[in-house]
Structures are given as structure tokens and as C-alpha cells.
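Biologist: Let's go through this one together. I'll keep asking how each word is earned, and you can set the values against the definitions.

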Amino acid sequence: ILLMEPPFYRLYHDQYCLVKYPLALGYLSGAIIKNTDWTVQTYNSDFNIEKKFISSDNDHMTGLGFERYLSSLKDHSMPIWDEVKNAILDFNPSVLGITLKSQNFTSATIVAKLAKEINPDIKVIIGGAHATMNGKSVFDCENIDVSCIGEGEVTIVEFLQALVNDSPVNTVDGIIFRDDNNGIIQTPPRTYIEDLDSLEFPLTYAPKIFKDFSKYPKDAFSYIFGSRGCPYACTFCESKSMWT
């Protein structure tokens, strides 16, 4: 299984990038390695070693930058998409997991399309805030097979075990999936993980499984989740959808 952060900043300017280890990939990979026999690679496709920091004295996130962003979504021959394709080809996964925020959903649909062009049998599973907020509507993208709703660490393990055992995926709580007749099926919601200390530390396996680990600065691994959820319900934020 290849767990991927899809590109976003690099669509505006190739040297704008996400210079950190996405914690979602760290937690998910830890759960998979601890509880299954699957081989895992994590990949932040929004990273470029020749990074350039966004500043207020340029227009790369607006103006010409936004034009490039739109062009990047249309032109799948651009270098960033070649990099994504090569990462998929090199690892040759049978499952591709993509973590989603709303701003990178369109990019993720392109990643899913490229993966299916490489191997139509790749199972594409998405998760994260955007997947949880938007439910069945994400299946407007024909290349998405499964969506994980809410916390994914137990769900991904059960999903992979179902694939190994050739069991029906409708036995896995907390997912929405496309069945053989192209219908969209939702299973019962998954309860929250009771003991968060049961999760592996996100960086435990990073040196072995994180693509280009040695090229990241040390502070790329200094981020933490300081709390679980949020007590507020701001109209512009998905937290209330994710944690209630």
C-alpha cells in the first residue's frame, strides 16, 4: 500500500511545497505495520527538495501562480504528475491511500486517475477531513473505490485484512465504497479509538518507509497534534463534521 499526500502548493510553483511529514500518513502506516503483513510506503508528493518559501512580495499564490495552478490541473504532462506516476510505478502498490483536505481534492482525483491508468486493478481509498465532510459526493470521481469516514487507523487495517481474506468489504465499519454494480454503499459508522496511546508514534517507521526521508530537514518532523477535535463549531471549519 502506498499512502500519499497529493500535490497542492507545487501546482502553483514547483518549488512551493509542504516541507513536513504529514502526520496522517505516519499514524496510518504505523497501524498497518503493527497489525498486518502489508508492505507500506508513505509519500508526500507536495515536497520538493529545492524548496522556496512563500512570501508576501510575490504573486505565486494569486495572479500568475493561480493561472499555473489551473493549468496544472488540466495538463497532466507537467513534471509534478510525471513524478507522481513514477512513484506509483516504482512501488507498484495494489492499494493507493490518499489523504484529503478540501483544497487538494481535485489534485487527488488526478492522482487516482493516473493510478488507474497505470493499473486499473489498484484499489484507491481516500480519507481525511474532506472525505468525512462530503460523504458519497466524492464518488463523482469514478476512480475512487473506497472512502474512509472519521478516524482511519483501525478502518484501514480491517479493510486491508478484508482484501487479504477475500472478505466482503461491507463487513468493515466506517467506509463508503463502490460495489460491483457501481452502486455506492455506506457501512455503519466507526466508533472513536478509545485508547489513543495504542497508536504507534508517527515517526517510528518514517526512516524506513517515508520516500526521500533523508532529504527533509529535521524540523519537518517536529509537528504534533495538540488535541483531538475542537469544542467549537465555526461555520468555515470541518471539525464539527469530523468529531461529532
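Modeller: Let's start in the sheet: Leu2 stands opposite Gln41 in β2, and Glu5 stands opposite Asn44 in that strand. Keep in mind that this is a predicted model, where local features need pLDDT of at least 70 and side-chain atom pairs count only at pLDDT 80 or more, while totals for chains, interfaces and linings use all residues. Residues are numbered from 1 along each chain as its sequence is written, and side-chain values use heavy atoms, with hydrogens and water left out.

Biologist: What makes β2 a strand?

Modeller: Strands here are DSSP runs of E with at least two residues, and helices are runs of H or I with at least four, all numbered from the N terminus. β2 covers 41-44, so the strand rule is met.

Biologist: How do you know that β1 and β2 pair, and in which sense?

Modeller: Two strands pair if DSSP finds at least two bridges between them. β1 and β2 have four, in the parallel sense, so they qualify. β1 also pairs with β3, again parallel, over three bridges, and there Leu3 stands opposite Gly97. Then β6 and β7 are joined by three bridges but run antiparallel, with Ile176 partnered by Gln186 of β7.

Biologist: What does the whole sheet look like?

Modeller: It's an open sheet of seven strands in the order β2-β1-β3-β4-β5-β6-β7, and the pairing is mixed. β2 and β7 (184-186) are at the edges because each has a single partner strand, which leaves one side of each without a neighbour in the sheet. From one strand to the next, the twist averages 20°.

Biologist: Which way do the side chains of β1 and β2 point?

Modeller: In a regular strand the side chains alternate between the two faces of the sheet. In β1, Leu2 and Met4 point one way while Leu3 and Glu5 point the other. In β2, Gln41 and Tyr43 go one way and Thr42 and Asn44 the other.

Biologist: Why is Thr42 called buried?

Modeller: Buried means under 20% relative accessible area, exposed means over 50%, and partly exposed is in between, using a 1.4 Å probe and protein chains only. Thr42 has 0%, so it is buried. His76, in the loop between α3 (63-74) and α4, has 24% and therefore counts as partly exposed. Asn92, in the loop between α4 and β3, has 57%, so exposed is the word.

Biologist: What does Thr42 touch?

Modeller: Contact means heavy atoms within 4.5 Å. Leaving aside residues up to four places away in sequence, the partners of Thr42 include Leu3, Tyr21, Ile209 and Phe210. His76, on the same kind of count, touches Trp81, Lys85, Ile110 and Lys113. His76 and Ile110 are 34 residues apart in sequence and 8.1 Å apart in space, C-alpha to C-alpha.

Biologist: Which helix lies across β1, and at what angle?

Modeller: That's α4 (residues 79-91), which also lies across β2 and β3 and runs at about 165° to β1. Axes are lines fitted to C-alpha atoms, for helices over the stretch in contact, and angles run from 0 to 180 degrees between N-to-C directions. Another helix, α7, lies across β3, β4, β5 and β6, at about 160° to β3.

Biologist: What makes the second largest pocket a pocket?

Modeller: The search uses a 1 Å grid over the protein atoms alone: a cavity is a set of points where a 1.4 Å probe fits but cannot get out, and a pocket is an open set with protein on both sides within 12 Å along at least five of seven lines. Lining residues have an atom within 4 Å of a point. Among those lining this pocket are Lys123, Phe159, Ser167 and Arg178. The elements giving two or more residues are α7 (153-165) and β6 (175-178).

Biologist: What classes of residue line the second largest pocket?

Modeller: Six are nonpolar, one is polar and five are charged. Asp, Glu, Lys and Arg count as charged, so Lys123 and Arg178 fall in that class.
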